[in-house]
Amino acid sequence: MNTTILTFDTLDSTNTEAIRQAREGAAEGLCIIARQQTAGRGRLGRTWISEKDAGLYFSIVLRPRIDARYLPLITLMTGVAVHDTLVEFGVRPDIKWVNDVHVNGKKIAGILAETAETPKGLAVVVGIGINLRPSSFPPEIADIATSINQIVGKISIEMLAGSMIKYLAYFYDLLQDTDGNITIIDEWRRRSSYFLGKYVRVSVGDETLTGVTDGLEWNGALRIKRDDGSVTIVQAGDVENLRAS
Ligand code: BTN
């Protein structure tokens, strides 16, 4: 994948800008980086607080050549890429299904994949936020978030972005290869303590269920083994670890 990086001082959201550019015909591999976002967003309509230089705020335009049924795997593939990027900087992360990267149970990075119809076909914009230093988060967030600076000290944001792009390009190629879904699920399994045997509570809309994780389906959906032995397949939801590890 050829990549082009556009860097902005301030944007509403790098995902919004990447979608805008994808609709105008941007090629796959366009990367948007902002030093701050005024309307950074996360999953489920949440706000992603994006103070100046406190994080890497990054989005990439993809035009995947995979069956639409496999599109959810783009989020998992990105989690693997973010994981390996952080390892390169001395951090030892875990991936929490489906889009969170944690260190010692605290969130260090989040992923938001969004699709957009464009004149060149469907584009997927993958947004990644990685905490670089502690921001003035409200206390309820400060307690559950961490940053690279708190773990390994100051690092270069340019080097972090470069490493991210390298791993994204690598795992994106793997995803698009023959049996790419199996490969990505296997790579994810090796990096996530949530793959198997984790006692969790899952919120799906207004409903919650508890059970033990039991691997992933072929499209990345999470299997939960319930107390009665039945298996529930979760396509989208929020997962919470019920036992401190
Ligand atoms: C989440 O954990 O809910 C996903 C957070 C994704 C945040 C990133 S920051 C760069 C990109 N631009 C956005 O507005 N969101 C994503």
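**Exercise 1. In which loop is Leu44 found? Describe its backbone.**

Solution. This is a predicted model. Step one: place the residue. Leu44 sits in the loop between β2 and β3. Step two: read the backbone angle. Leu44 is not a glycine, yet its phi is positive, about 55°. Step three: set this against the general expectation. Most residues other than glycine have a negative phi.

**Exercise 2. Which residues does a cis peptide bond join, and where is Val98 found?**

Solution. Step one: find the bond. Trp97 and Val98 are joined by a cis peptide bond, with omega about 5°. Step two: place it. Val98 belongs to the loop between β4 (94-96) and β5 (100-103). Step three: recall the background. Most peptide bonds are trans.

**Exercise 3. How is the chain divided, and how far apart are the centres of the domains?**

Solution. Step one: take the domain assignment. It gives domain 1 (4-189) and domain 2 (196-241). Step two: take the centres over C-alpha atoms. Those of domain 1 and domain 2 are separated by 23 Å.

**Exercise 4. Characterise the interface of domain 1 and domain 2.**

Solution. Step one: count contacts. On the domain 1 side, 13 residues are in contact with 13 residues of domain 2. Step two: take the area. About 1100 Å² is buried between the two domains, and carbon and sulfur atoms give 58% of this. Step three: look for polar pairs. Six residue pairs are in polar contact across the interface. Step four: assign the domain 1 side to elements. Those giving two or more residues are α2 (73-88) and α6 (180-191). α6 gives the most, with three residues. Step five: sort that side by class. It has eight nonpolar, one polar and four charged residues. Step six: count salt bridges. There are two between the domains.

**Exercise 5. Examine the salt bridges of the model, taking Arg43 and Lys52 as cases.**

Solution. Step one: state the principle. Side chains of opposite charge can pair when their charged atoms come close. Step two: take the total. The count comes to 21 salt bridges. Step three: take Arg43. Its side chain meets that of Asp238 in a salt bridge, at 3.1 Å from N to O. Step four: take Lys52. Lys52 forms a salt bridge with Asp9, and their closest N and O atoms are 3.1 Å apart. Step five: check the separation along the chain. This pair links distant parts, 43 residues apart: Lys52 is in the loop between β2 (30-37) and β3 (55-62), and Asp9 is in strand β1 (residues 4-11).

**Exercise 6. How many residues surround the ligand, and which are the closest?**

Solution. Step one: count the surroundings. The ligand has 21 residues around it; the closest are Ser13, Gln37, Arg41, Arg43 and Lys107. Step two: follow the ligand nitrogen contacts. A nitrogen atom of the ligand is 3.0 Å from an N or O atom in the side chain of Thr14. A ligand nitrogen is also 2.7 Å from a polar backbone atom of Arg41. Step three: turn to oxygen. A ligand oxygen lies 2.7 Å from a polar backbone atom of Arg43. Step four: connect the results. Arg43 has this backbone contact with the ligand, and its side chain forms the salt bridge with Asp238.

Key
Residues are numbered from 1 along each chain as its sequence is written. This is a predicted model: local features need pLDDT of at least 70, side-chain atom pairs count only at pLDDT 80 or more; totals for chains, interfaces and linings use all residues. Side-chain values use heavy atoms; hydrogens and water are left out. Domain bounds come from an automatic or database domain assignment. Contact means heavy atoms within 4.5 Å. Buried area is the accessible area (1.4 Å probe) that two parts lose on being put together, summed over both. A salt bridge is a side-chain nitrogen of Lys or Arg within 4 Å of a carboxyl oxygen of Asp or Glu. A polar contact is a pair of N or O atoms within 3.5 Å; within protein, one must be able to donate a hydrogen and the other to accept it, and residues adjacent in sequence count only if both atoms are side-chain atoms. Helices (H or I, at least four residues) and strands (E, at least two) are DSSP runs, numbered from the N terminus. Ala, Val, Leu, Ile, Met, Phe, Trp, Tyr, Cys and Pro count as nonpolar, Asp, Glu, Lys and Arg as charged, and the others, Gly among them, as polar. A residue is near a molecule or strand if one of its heavy atoms lies within 4 Å of it.
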